[in-house]
Structure formats: C-alpha cells, structure tokens
Amino acid sequence: MSEWPLGYERRVLAEVDSTMLEAARQASRLTGPTWICALEQTAARGRRGRAWVNPKGNFAATLVIPTSDAPDQRALRSFVAALALFDALVAVSGRVDGLALKWPNDVLLTGGKVAGILLESLGAHLAIGIGVNLVEAPDMSAVEERAVPPVSVLSAMGVEVGQEVFLDMLATAFARHDAQFITYGFAPIREAWLSRAARLGEAITARMGEREVIGTFETVDAEGRIVLNTRTGRQAIAAADIFF
C-alpha cells in the first residue's frame, strides 16, 4: 500500500452522481489539493459532455487543485495525470508492456482504452477527473464510432485491484509528477509523456468538429499541442479527437 502523499486530502464517498459535479460543489470550501473518489457514480460524464459508462467496481475520482494558473498552463496538468495513471497501472500490475498514452488524455492497454482524463476549470480551482476500467469495460455500443475499443485491467492484465488501493497508488504517483511539474516546468513532463506515447511516428487522424487532418504524429510541442506532419506541412493542434 502506498503512503498517502503529504498535503493532499482524501475523501471517499460510497455513491455520488459524478465526482466532477461533487468537485464543483465542494471547490469553494477546499483549502488544498483534494482527491474525491466515489465507489459508485450514477451520472458520470466524459469529455465534451459525453456519457461515461462507469460499471460498479471501476475507478472514478476527481482531484481538485487550487491554482492561479492561466488556462493554457492548467491544460498541461492532463499530461501530469496521464503519467500518474501510467505509473499507478504499472504499480498494481507489475507490468509495463501494453501500456501507452494517447493524446490528449487517454491511457491505452493492449491497444484499448483503459482510462480517461477530463479537465475542467472551477474558478480558482482545477478539477482533474479520472476514470479507470478496473473490473469491466463498457460495451462497444457505448463507444464513439472509430474510437479505440475499451478494455479493463482485469480482462487485459488478469489483476484485481480495489478502488481505494488504486486511489492510493494514483495519488502518490500524481504528487511525484506534479512536484516535478511545479519545480521544473513542462519540459521533463513532456519528455516522459513522449517516451510513453502511442503511435508516435505513425500516421493518425485528428478530428476537429467536421474537419479532419491526417498526418504523421511527430511530437507534442511546448504548449502541449500535438504536431502532425501533413501533406501541406507541419500542423500544431491544440484540441482534437485522435483516431488511429
């Protein structure tokens, strides 16, 4: 069991509509970084208001951080969270093979989506929502067309891990990476993320609304944008859905 990181509060709820909604309700009363974990969610949601299917036993938590950072700096915390998720999954499974990070905010396991990250600004706070398929993956009918198929830690790794155990592993890993981010900036976080990136150097598709750009995934730049080498030149994209 990981030792809980100093300076972080830990709140575990039996049931809540959504940890992100709970974070919004509590943010103004929080004085420091606080993890809000729910053993069961009844109205979970993902990026851009999409429903997030969260079967019982899967992991759902939101970290609320007081911050005065500008929006572009807040967005970089997604990379910190991704590295923490990667490390927590390695810690509970003892395995690195099969794990990869998908820009902008997913974690892949054997090619399928095992975890997702959602960032929202709450005034003077940043909420980092995290969902992990610990025991069960959503049915493909709940997945967006062309998206990578969902997988679970249990099905892909054969590892059973409790939600609170995973919370402890994740919080410890996040505190370590976030301390590096605060001290040294985005550069070492970017380097670490790229070393774990899925499809780096390969052709991918970035979709922005009705527009799609196809190109070779070249890098992530200093602002956290994905850089594609396309037929018309290099393009740095700040927000998009990525398809392989």
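Two residues are in contact here when heavy atoms of one come within 4.5 Å of the other. Keep that in mind as you explore these close-ups of a predicted model.

**View 1. Phe174 and the residues around it.** Setting aside neighbours within four places in sequence, Phe174 is in contact with Tyr8, Trp35, Leu63, Ile65, Arg77, Val80, Ala81, Ala84 and Ile128. Try finding each of these partners of Phe174 in the structure, starting with Tyr8.

**View 2. The largest nonpolar core, with 63 residues.** Which members touch the most others? They are Trp35, Phe59, Ile130, Val132, Phe166, Phe174 and Trp193. You have already met Phe174 and its partner Trp35 in the first view. Helix α3 gives the most to this core, with 11 residues. Another core lies apart from it and has 9 residues, among them Met20, Leu30, Leu122 and Ala127.

**View 3. Helices α3 and α6 packed together.** Helix α3 covers residues 77–93, and α6 covers residues 186–194. Their axes are 10 Å apart and form an angle of about 50 degrees. Why are the two helices called oblique? An angle from 35 up to 65 degrees falls between roughly parallel and roughly perpendicular, so α3 and α6 are oblique to each other. Their crossing is left-handed. On the α3 side, the contact is made by Phe79, Val80, Ala82 and Leu83. On the α6 side, Phe186, Ile189, Ala192 and Trp193 take part. How do these residues divide by type? The contact of α3 with α6 has 8 nonpolar residues, no polar ones and no charged ones.

**View 4. A cis peptide bond before Pro104.** Look at the link from Trp103 to Pro104: this peptide bond is cis, with omega near 5 degrees. Where does Pro104 lie? Pro104 is in the loop between strands β4 (99–102) and β5 (106–109).

**View 5. Thr110, a residue with positive phi.** Thr110 is not a glycine, yet its phi is positive, near 50 degrees. You will find Thr110 in the loop between β5 and β6, where β6 spans residues 112–122.

**View 6. Arg199, with a positive phi of about 65 degrees.** Arg199 is not a glycine either. This residue sits in the loop that runs between α6 and β8 (203–208). Why does Arg199 count as partly exposed? Its relative accessibility is 35%, and partly exposed residues lie between the 20% and 50% limits.

Key: Residues are numbered from 1 along each chain as its sequence is written. This is a predicted model: local features need pLDDT of at least 70, side-chain atom pairs count only at pLDDT 80 or more; totals for chains, interfaces and linings use all residues. Side-chain values use heavy atoms; hydrogens and water are left out. Helices (H or I, at least four residues) and strands (E, at least two) are DSSP runs, numbered from the N terminus. Buried means under 20% relative accessible area, exposed over 50%, partly exposed in between (1.4 Å probe, protein chains only). Axes are lines fitted to C-alpha atoms, for helices over the stretch in contact, and angles run from 0 to 180 degrees between N-to-C directions. Angles under 35 degrees count as roughly parallel, over 145 as roughly antiparallel, 65 to 115 as roughly perpendicular and the rest as oblique. A crossing is left-handed if the near helix is turned anticlockwise from the far one by less than a right angle, and right-handed if clockwise. Ala, Val, Leu, Ile, Met, Phe, Trp, Tyr, Cys and Pro count as nonpolar, Asp, Glu, Lys and Arg as charged, and the others, Gly among them, as polar. A nonpolar core is a set of buried Ala, Val, Leu, Ile, Met, Phe, Trp, Tyr and Cys residues joined through side-chain atoms within 4.5 Å.
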